[in-house]
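Here are some brief notes on the structure, point by point. They begin with a helix pair and then turn to the interior, the cysteines and the overall make-up.

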Amino acid sequence: QLTCYAVGLRFDEYLAVGRRFFVKHLLPAIDTKPDCFILSISRNDVRLLKATPKGCERIHPAGLPTSMQRELNLQGADRGEQVHSAMRGDLTLGKEAGVFHGQGGHRDTVKEEAVEYFQAIDQSIRPVLQQMPWPLVLAGVEYEVAMFRQASDYAHLAEEALYGNFDYTSDQQLHEQAMPIVQRLYEADRQTAFKTYHARLHNQLASDRIEEIVPAAHEGKVDTLFVDCKAEIFGRFDPQSKRVDISSNRDPALDIVDSTITQIIRHSGILYAVQRGELPSAAPMCAIFRY
């Protein structure tokens, strides 16, 4: 039975017949990519977008607030407060904000309401972020973005953000503005991985030797693999002896580069498809080990 899979990339023609997927030439499609979540926040609107370089889609986590008024049930509430405008240098209130005078039993400031609101947003999106721990790019007025950062401890919250009022900005426009930020994050992560590779060479937690990388990949020890997808190394790996025997037989089933990539995927490692000249060494594969 023939099964076809559609991807958004053009590949060189290649035929491989075997008992497993041949994934080496597909790596550009499954390589770590600048995927992200975009969270547009304001007091009047909240949107969470799942974004990839190809486009975005809006997702609706359970309990995601739609506005601060609805979330905190403020509509029509008599909060016993008097308000006037004031100029403030406090980032959490912005340059101009309403200053409220509470009268016992009510929230004393707009800031307290906003903190509660942003905490509710953070809690509602956490299940989604736990399943897919992608970078989260914030979009909103600067002081509200700053307040959300205080309310959230998500480890992959992007330092860069989109600042402004995006209530009337389309999902597609948000996507276009956010992707350059995520591309910079992706490149920074890759450069950090390169530096980590060189730093760990001296204590044997990184290697470019096939005879070390292949056994480590099968044992789940490889954290990150840089690989030239066009490289061809054929041979067999014996799990018992942990020995790699190189062969002159150009059978795709014996492609060590491809089988190593498969093992990295199985053990949730990080993959970077790079050109030979971009690799940290002259070898076709370079690995950072977990231990």
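1. In this predicted model, α3 and α4 are oblique to each other. The two helices pack at an angle of about 60°, and angles from 65 to 115 degrees would be needed to count as roughly perpendicular. The axes of α3 and α4 lie 9 Å apart, and their crossing is right-handed.

2. Which residues of α3 meet α4? On the α3 side they are Lys111, Ala114, Val115, Phe118, Gln119, Ile121, Asp122 and Ile125. Their counterparts in α4 are Glu144, Met147, Phe148 and Ala151.

3. Several of these residues recur in the largest nonpolar core, which has 24 residues: Phe118, Ile121, Ile125 and Phe148 are among those with the most contacts inside it, along with Leu39, Leu136 and Leu138. At least two residues of this core come from each of β1 (36-41), β2 (46-52), α3 (110-131), β6 (136-140) and α4 (142-151). The most is given by α3, with six residues. In soluble globular proteins, nonpolar side chains tend to be buried together.

4. Leu136 deserves a separate entry. Leaving aside residues up to four places away in sequence, Leu136 touches Phe37, Ile38, Leu39 and Leu48. The list of its contacts also includes Ile125, Leu129 and Phe148, as well as Tyr154, His156, Leu157 and Ala158.

5. A second core, separate from the one above, has 23 residues. Val23, Cys229, Val257 and Ala273 are among them. Cys229 counts as buried because its relative accessibility is 10%, and the cut-off for buried is under 20%.

6. How many disulfides does a search of the whole structure find? The search finds zero. Cys56 is in no disulfide, and the nearest cysteine sulfur belongs to Cys36, 9.1 Å away; a disulfide would need the sulfur atoms within 2.5 Å.

7. Is Cys56 buried or partly exposed? With a relative accessible area of 23%, Cys56 is partly exposed, so it falls outside the limit of under 20% for buried residues.

8. On the overall make-up, the protein chain contains seven helices and 13 strands. It has 291 residues, of which 43% count as buried. Taking contacts between residues at least 6 apart in sequence, 63% join residues at least 24 apart.

Definitions and conventions: Residues are numbered from 1 along each chain as its sequence is written. This is a predicted model: local features need pLDDT of at least 70, side-chain atom pairs count only at pLDDT 80 or more; totals for chains, interfaces and linings use all residues. Side-chain values use heavy atoms; hydrogens and water are left out. A nonpolar core is a set of buried Ala, Val, Leu, Ile, Met, Phe, Trp, Tyr and Cys residues joined through side-chain atoms within 4.5 Å. Buried means under 20% relative accessible area, exposed over 50%, partly exposed in between (1.4 Å probe, protein chains only). Helices (H or I, at least four residues) and strands (E, at least two) are DSSP runs, numbered from the N terminus. Contact means heavy atoms within 4.5 Å. Axes are lines fitted to C-alpha atoms, for helices over the stretch in contact, and angles run from 0 to 180 degrees between N-to-C directions. Angles under 35 degrees count as roughly parallel, over 145 as roughly antiparallel, 65 to 115 as roughly perpendicular and the rest as oblique. A crossing is left-handed if the near helix is turned anticlockwise from the far one by less than a right angle, and right-handed if clockwise.
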